[in-house]
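Student: I have a structure open and would like to talk it through with you. Could we take it piece by piece?

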Amino acid sequence: MATQGSGSTGANESTKSGLKSEEERDTTKLVEKKDEMTVGERKEKAEFFNDSEWAKIREKFKVDPEFLNDFSFKNLSEGGGKGGSRMTRTRSGKYLIKEMSAGDHQALLERTKDFVEIMLQDDTLIVTFFAHFRIQNSIFVVMANALPSGIKWTYLFDLKGCRDDKAMAMEGKKVPAVHKRCFSCLQCWYCCDNKSCACCACYSEERETYYNGKTYAFECPFSFSSKQVATLKELIKNDTERLKKLEVMDYSLILAYRDEKLQAVKNGEISEETKELLRTSKFVCVLKEKVRIYFLGVIDFLQDWNIKKDIARCIKACAPHPLSTVPPPLYAEQFNTLAERMKGDAEEFKIVEDQKDNDVLGSIEVKLKEEAEKVPEPGGGGAAAEGESAVAIGGAIPVIEHEPQAEAADQAKEGESGSSNKEQNATGAGKGQGQGATDEKEKGEEKGIVQQEESKDQAVGDKLNVEEAPMDNVPIGSTPKASELLDE
């Protein structure tokens, strides 16, 4: 891998200034023409970069070979960030297709093998990439969507561990970005973001909302269970070390959560959308009679430290600290402080399976787990906390009401048990009278046989009822991940 950034000790002057030699910038040998792969709904030919590496990830996650035909270039639009990169998503919502800047493209070319190695691991929050290609004069990367599409989040944050943290949604409402550029002579600078300057022409109500959201995003804690906190701290630490070694900066932790009433979840009075969120999230907890469903992942990790960033750091010298425009080692140190804001003040969310219907439920659980493994996890993965066995929440067992097929199974078991007892009693009664009249013994045996046959018939009928019982409304069961609701 080529050397990048001024954060590297002993780096040469050209690297410190962000300049690279012609040999380092020669990427022609990295281009692969894939005749079997096309992009877009029009199935256009493209040039793919290092695709033998990205194919390893597609193989792990069992990605459909035609997944790149599930979108249209006509739907490309700006993503809303400062960079203004165009992006779109596949119709399924699983993947994002994002246009790359020249700098991001170069950074990814130089670090492809490193990122592939990271993304093949399970202990990471870094979002997964699946392809890197060029069509006409534009270059794109295809990645997993860290957040489920079309969800109304209670809160949504972009976090860096510095004063650039921001809230993009608060209390279920989107927060439009209203930036203050330090280089704009038409705006007051950072110092006017206070109540005393509310009369300032550049300080609109939208700016106040955005600024308050930034302040809250920088300071607010995040509630998880104690086991989830331990897991997240380890994941953030691991990813921070990896990105620091790759000498990149400006990455973010995208974090979103949705709150649902605990009682509504227990009773199953939630939407199919919420059930899907519970099924796929790895971090779900209970806080103040609410179920909090988290999704998170590390994004935007391709920024080199270069001369432009060095200049920007000087310009922002008087801006509120800590800054985001700092060299990779310091950036990693700041980013790692996000782990300190993860508080273990919530209870674990676990759905206790109905033991009476364990066989039926267990088979469905396996199916759900297998399906989940085929799709990239939000945020690129990150294993759920170990040892999260099914437990009760707040002393109550969160089980959906007893289902018809469970009752049928109970009846079948009772029928079988009753049959056995009756058979033993009948046989015992017959033998007990063996020393008496012979005709009484024969009558007792005949009566026992009749009762035995009737009980067997009843048990068989009950079993048939179990087999024919509808599989709708299967009870909720716990899994090794956070919580997974079965589709009704």
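Student: Which residue in the turn of the β6 and β7 hairpin has a positive phi?
Tutor: Keep in mind that this is a predicted model. β6 and β7 form a hairpin with 2 residues between them, and the two strands, residues 129–135 and 138–144, pair in the antiparallel sense over 6 bridges. The turn residue with a positive phi, about 55°, is Gln136.

Student: And which residue in β7 does His132 stand opposite?
Tutor: β6 and β7 pair in the antiparallel sense. Within that pairing, the residue opposite His132 is Val141.

Student: What is the bridge partner of Phe48 in β6?
Tutor: β6 also pairs with strand β2, residues 47–49, in the antiparallel sense over 2 bridges. β6 is mostly covered, with 6 of its 7 residues buried. In β6, the partner of Phe48 is Phe133.

Student: Let's move to β8. Which of its residues point one way, and which the other way?
Tutor: Strand β8 spans residues 155–159, and 5 of its 5 residues are buried. Leu156 and Asp158 point one way, and all the residues on both sides are buried. Pointing the other way are Tyr155, Phe157 and Leu159.

Student: Which residue in β13 is the bridge partner of Leu159?
Tutor: β8 and strand β13, residues 252–261, pair in the antiparallel sense over 5 bridges. In β13, the partner of Leu159 is Leu253.

Student: What about β9: which residue in the turn between β8 and β9 has a positive phi?
Tutor: β9 covers residues 166–170 and pairs with β8 in the antiparallel sense over 4 bridges. Asp158 stands opposite Lys166 in this pairing. The hairpin has 6 residues between its strands, and the turn residue with a positive phi, about 80°, is Gly161.

Student: Now a helix. Why do the buried residues of α3 lie on the same side?
Tutor: In helix α3, residues 51–60, the buried residues are Asp51, Glu53, Trp54, Ile57 and Arg58. They lie on the same side of α3 because the arc they cover around the axis is only 155°.

Student: Which residue just after α3 takes a positive phi?
Tutor: α3 is the helix of residues 51–60. Just after α3, a positive phi of about 50° is taken by Lys62.

Student: Is Ala339 buried or exposed?
Tutor: Ala339 is found in the loop between α10 and β17. Leaving aside neighbours within four places in sequence, Ala339 is in contact with Lys233 and Ile236. The C-alpha atoms of Ala339 and Lys237 are 7.9 Å apart, although the two residues are 102 apart in sequence. At 7% relative accessibility, Ala339 counts as buried.

Student: On to charges. How many residues apart are Glu41 and Arg91, which meet in a salt bridge?
Tutor: The side chains of Glu41 and Arg91 meet at 2.6 Å, N to O. This pair links distant parts of the chain: Glu41 lies in the loop between β1 and β2, Arg91 in the loop between β4 and β5, and their separation is 50 residues.

Student: Why does Glu41 count as partly exposed?
Tutor: Its partner Arg91 counts as exposed at 55% relative accessibility. Partly exposed runs from the 20% limit for buried to the 50% limit for exposed. Glu41 counts as partly exposed because its relative accessibility is 39%.

Student: Which helix holds both Arg279 and Glu276?
Tutor: Their side chains meet in a salt bridge at 3.0 Å, N to O. Arg279 is buried, with a relative accessible area of 12%, whereas Glu276 is partly exposed at 33%. The two are 3 residues apart, about one turn of the helix, and both lie in α8.

Student: What is the relative accessible area of Arg258?
Tutor: Arg258 and Glu260 meet through their side chains in a salt bridge of 3.0 Å, N to O. Glu260 counts as buried at 17% relative accessibility. Arg258 is buried too, with a relative accessible area of 11%.

Student: To finish, which residues make the nonpolar surface patch of about 280 Å²?
Tutor: Ile307 belongs to the patch and is found in helix α9, residues 307–315. Ile307 is partly exposed, with a relative accessible area of 45%. The patch is made by Ile307, Ile311 and Ile315.

Conventions:
Residues numbered from 1 in each chain as written. Predicted model: local features only at pLDDT ≥ 70, side-chain atom pairs only at ≥ 80, totals over all residues. Heavy atoms only, no water. Patch = residues over 30% accessible without salt bridge, like charges linked within 9 Å, V, L, I, M, F, W, Y side chains within 5 Å. Areas by Shrake-Rupley, 256 points an atom, 1.4 Å probe, with all protein chains shown as cover. Salt bridge = Lys/Arg side-chain N within 4 Å of Asp/Glu carboxyl O. Buried < 20%, exposed > 50% of the residue type's maximum accessible area, 1.4 Å probe, protein only. Pairing = 2+ DSSP bridges. Arc of directions from axis to C-beta. Contact = heavy atoms within 4.5 Å.
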